[in-house]
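Student: Before we start, could you take me through this model by setting each term against its definition?

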Amino acid sequence: MNVLEIRNATKRFGSLVALRNVALSVPAGELRAIIGPNGAGKTTLFNLVSGFFAPSAGSVLFAGRDVTALAAHQRVALGMARTFQITEIFPELTVFENVRIAAEVAAGYRLRPRLGRSERAEVCRRVEQTLELAGLAAKAKRLAGELAHGDQRVAEIAMALALKPRLLLLDEPTAGMGEQETQEITRLIRRLRAAGELTIVLIEHDMRVVFHLADRITVLCYGELLAEGTPQEIAANEAVQEAYLGKAA
Amino acid sequence: MNSRAGAARQAGTALLWAALLLAPYWLPWVGGYTALGARVLVLGLAAMSLNFLLGFTGVVSFGHAAYFGLGAYGAGLTLKLLAHSTPLALFFGTLAGGIAGALLGALIVHLRGVYFAMVTIAFGQVFYYIAFRWNSLTGGDDGLRGFARQPLHFAGYAIDILNNGHAFYYFVLVCFAVTVGVMALILRSPLGRTMLAIRENERRARFLGIPVERHIWVAFTLSCFFTSLAGALYAMVNNFADPMGLHWSLSGDLVIMAVMGGMRSFWGPLVGAAVFVVVQDFLSSITTNWMSFVGLLIVLVVLFFPRGLLGLAQRRGEA
Ligand SMILES: Nc1ncnc2c1ncn2[C@@H]1O[C@H](COP(=O)(O)OP(=O)(O)OP(=O)(O)O)[C@@H](O)[C@H]1O
Ligand SMILES: [Mg+2]
């Protein structure tokens with residue numbers, strides 16, 4: 001079954017067509033990378049999927065259900081989580097509190113004016129597990145805004161994970177990271193895959209990361225779908241080499 | 001790392017409660033009087049209620065006087081026309097302002113920043129003019145008179161909060177304690193943390209599955225209920241409700257108290273209210289231009305204590 005399906009999506013900003021008639025299907029459990037030059041429409045695609053704005057035409061299906069008309073928070077409730085190209089966290093709260101908010105929302109507690117003892121313990125355990133998985137346990141009490149850039153990006157991923165999503169959308173998780181941090185994030189994403197059923201869509205500029213992790217790759221260029229295939233197929237694709245890899249090399 | 005700061009904060013809180021509990025006894029020694037203490041409590045409660053929204057949800061309202069005033073008129077009219085009962089007056093006063101806030105909030109939560117603030121001012125002024133014009137009901141410009149808070153009855157005992165200033169002060173203190181207790185509980189709950197999340201980063205909050213508008217509405221409505229309770233108490237301080245209690249300048253005063261005391265700290269607005277009320281009380285007996293001195297004070301506080309009077313103490317405590 002396809003966890004994510006995008007049908008003929010078009011997005012216009014005034015006269016600019018950021019996405020033109022893009023179709024995409026991601027089956028359960030796959031790690032799909034989306035690549036393309038700057039301004040290709042990758043983030044716009046995430047914005048359509050996550051409900052940041054509505055498409056000008058076309059539809060988005062999540063686990064077979066049409067979610068095009070749903071608000072962002074409703075899509076999260078169905079099991080969609082995303083991170084942003086520019087880190088979005090709660091800077092004046094601790095790392096633990098950042099993740100706890102996500103965990104409480106996932107547990108359905110967001111409007112609760114108080115929690116029982118066992119509920120609270122359950123949430124804390126969930127947060128600790130997530131921080132452990134993300135390798136942030138030692139920094140749980142630090143203010144998120146005071147972390148190094150790389151740790152902030154990991155914290156944002158941890159928040160998304162605490163939502164227990166079926167589909168995780170990562171927008172350039174290694175953006176602005178050094179060599180070692182990039183490796184750590186790559187390892188984290190690999191661990192996530194090993195851990196379970198999670199379907200991941202990853203926008204990424206770092207080709208080593210992409211070829212390391214992706215099951216399949218989708219290439220966008222000027223808002224259009226240029227190619228799709230396994231890493232080997234994409235590496236061998238002439239149109240892609242010309243439009244993207246050629247330029248990057 | 002936080003244990004020492006935590007201990008300092010607990011000591012500070014204990015000291016604060018001690019000062020509030022003993023106020024009727026130490027206030028005269030420093031030239032104050034018990035009614036002044038009650039005024040600080042009531043305006044402090046209003047400023048803390050506003051700050052529930054301003055400091056802890058990140059939403060700026062410049063119209064909270066509307067709910068404060070509705071609480072005051074609601075309580076006054078209840079005592080005057082409906083029932084000679086202090087609890088009922090508090091109840092209906094709080095309900096009047098709270099329900100108005102809930103309805104108005106539903107209309108405006110999709111607005112942001114300065115637009116939200118402007119609409120809150122505008123609605124506040126609507127209530128002001130109604131109170132100002134509707135002479136027969138509200139007493140118009142002269143304010144609402146002809147009512148008085150009533151003695152409390154508990155299981156056969158009567159507590160004369162009307163004539164006994166100390167008793168009235170402790171009555172206000174109990175109402176204050178219960179309300180700020182509820183506020184503190186909410187701020188430490190999942191609901192309260194979604195408010196912090198919205199303050200910190202609305203986009204992140206939304207994409208963590210928080211319906212931001214709905215949560216701002218909840219925070220706004222709660223804040224209006226708390227504020228109108230403060231207003232209802234205010235009507236009882238002087239047995240008087242006046243249209244200035246609805247005027248936007250009071251909304252501004254409440255924001256000033258919160259900012260001056262420290263928006264990010266729970267008790268900051270109470271400290272701000274204390275400074276404001278004391279300075280006003282002291283200066284207005286010397287000069288009619290007291291407001292310009294308050295203005296100067298605000299400038300000094302903002303320059304030297306950018307996080308408010310309590311904000312500084314907290315920074316120090318954390319370091
Ligand atoms: N909200 C918006 N309003 C107007 N134009 C937009 C908006 N969002 C994106 N665009 C435009 O749409 C095009 C695609 O942008 P998008 O951010 O999707 O690219 P991208 O592939 O993510 O690029 P990058 O690799 O630089 O992140 C760009 O020309 C961008 O300027
Ligand atoms: Mg992008």
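Student: What makes this a contact between chain B and chain A, and how many residues does the contact take from each chain?

Tutor: This is a predicted model, in which local features need pLDDT of at least 70 and side-chain atom pairs count only at pLDDT 80 or more, while totals for chains, interfaces and linings use all residues. Residues are numbered from 1 along each chain as its sequence is written, chains are lettered from A and ligands numbered from 1 in the order in which they are written, and side-chain values use heavy atoms, with hydrogens and water left out. Contact means heavy atoms within 4.5 Å, and the contact takes 27 residues from chain B and 31 residues from chain A.

Student: What is the area buried between chain B and chain A?

Tutor: The size of an interface is often given as the accessible area lost when the parts come together. Buried area is defined as the accessible area, taken with a 1.4 Å probe, that two parts lose on being put together, summed over both. Between chain B and chain A this comes to about 2,600 Å², of which carbon and sulfur atoms give 64%. On the chain B side, Arg204(B), Phe207(B) and Leu208(B) lose the most area to chain A, together 29% of what that side buries.

Student: What makes something a cavity here, and how many of 30 Å³ or more does the structure hold?

Tutor: On a 1 Å grid over the protein atoms alone, a cavity is a set of points where a 1.4 Å probe fits but cannot get out, and lining residues have an atom within 4 Å of a point. Grid points are joined across faces, edges and corners, and a volume is the space filled by probe spheres set on the points. By this measure the structure holds 2 cavities of 30 Å³ or more, the largest with a volume of about 50 Å³ and the second largest with about 30 Å³.

Student: Which residues line the largest cavity?

Tutor: The lining consists of Ser50(A), Ala72(A), Arg75(A), Val76(A), Met80(A), Ala81(A), Arg82(A), Leu169(A) and Phe207(B). Helix 2 (72–78) and strand 6 (80–82) of chain A are the elements that give two or more residues to this lining, where helices (H or I, at least four residues) and strands (E, at least two) are DSSP runs numbered from the N terminus.

Student: How do the residues of that lining divide into nonpolar, polar and charged?

Tutor: Ala, Val, Leu, Ile, Met, Phe, Trp, Tyr, Cys and Pro count as nonpolar, Asp, Glu, Lys and Arg as charged, and the others, Gly among them, as polar. On that basis the lining of the largest cavity has 6 nonpolar, 1 polar and 2 charged residues. For the second largest cavity the division is 6 nonpolar, 1 polar and no charged, and helix 2 of chain B gives the largest share of its lining, 3 residues.

Student: Why are strand 2 and strand 5 of chain A said to stand at the edges?

Tutor: Two strands pair if DSSP finds at least two bridges between them. The open sheet of 4 strands in chain A has the order 2-1-4-5, with antiparallel pairing. Strand 2 (16–27) and strand 5 (65–66) of chain A each have a single partner strand, so one side of each is left without a neighbour in the sheet.

Student: How many bridges join strand 1 of chain A to strand 4 of chain A, and how many does strand 1 share with strand 2 of chain A?

Tutor: Strand 1 (residues 2–13) and strand 4 (residues 57–62) of chain A run antiparallel and are joined by 5 bridges, with Arg7(A) standing opposite Ser59(A). Strand 1 and strand 2 of chain A pair in the antiparallel sense over 8 bridges, and Ser25(A) in strand 2 is the bridge partner of Glu5(A). Both counts therefore satisfy the requirement of at least two bridges.

Student: What is the order of the open sheet of 6 strands in chain A?

Tutor: The order is 6-7-8-3-9-10, with mixed pairing; strand 6 and strand 10 of chain A are the edge strands, each pairing on one side only. Strand 9 (residues 216–221) and strand 10 (residues 224–229) of chain A pair in the antiparallel sense over 5 bridges, and they form a hairpin with 2 residues between them, where Tyr222(A) in the turn has a positive phi of about 50°.

Key. 1 Å grid on protein atoms, 1.4 Å probe; cavity = no way out; pocket = protein on both sides within 12 Å on 5 of 7 lines; lining within 4 Å.
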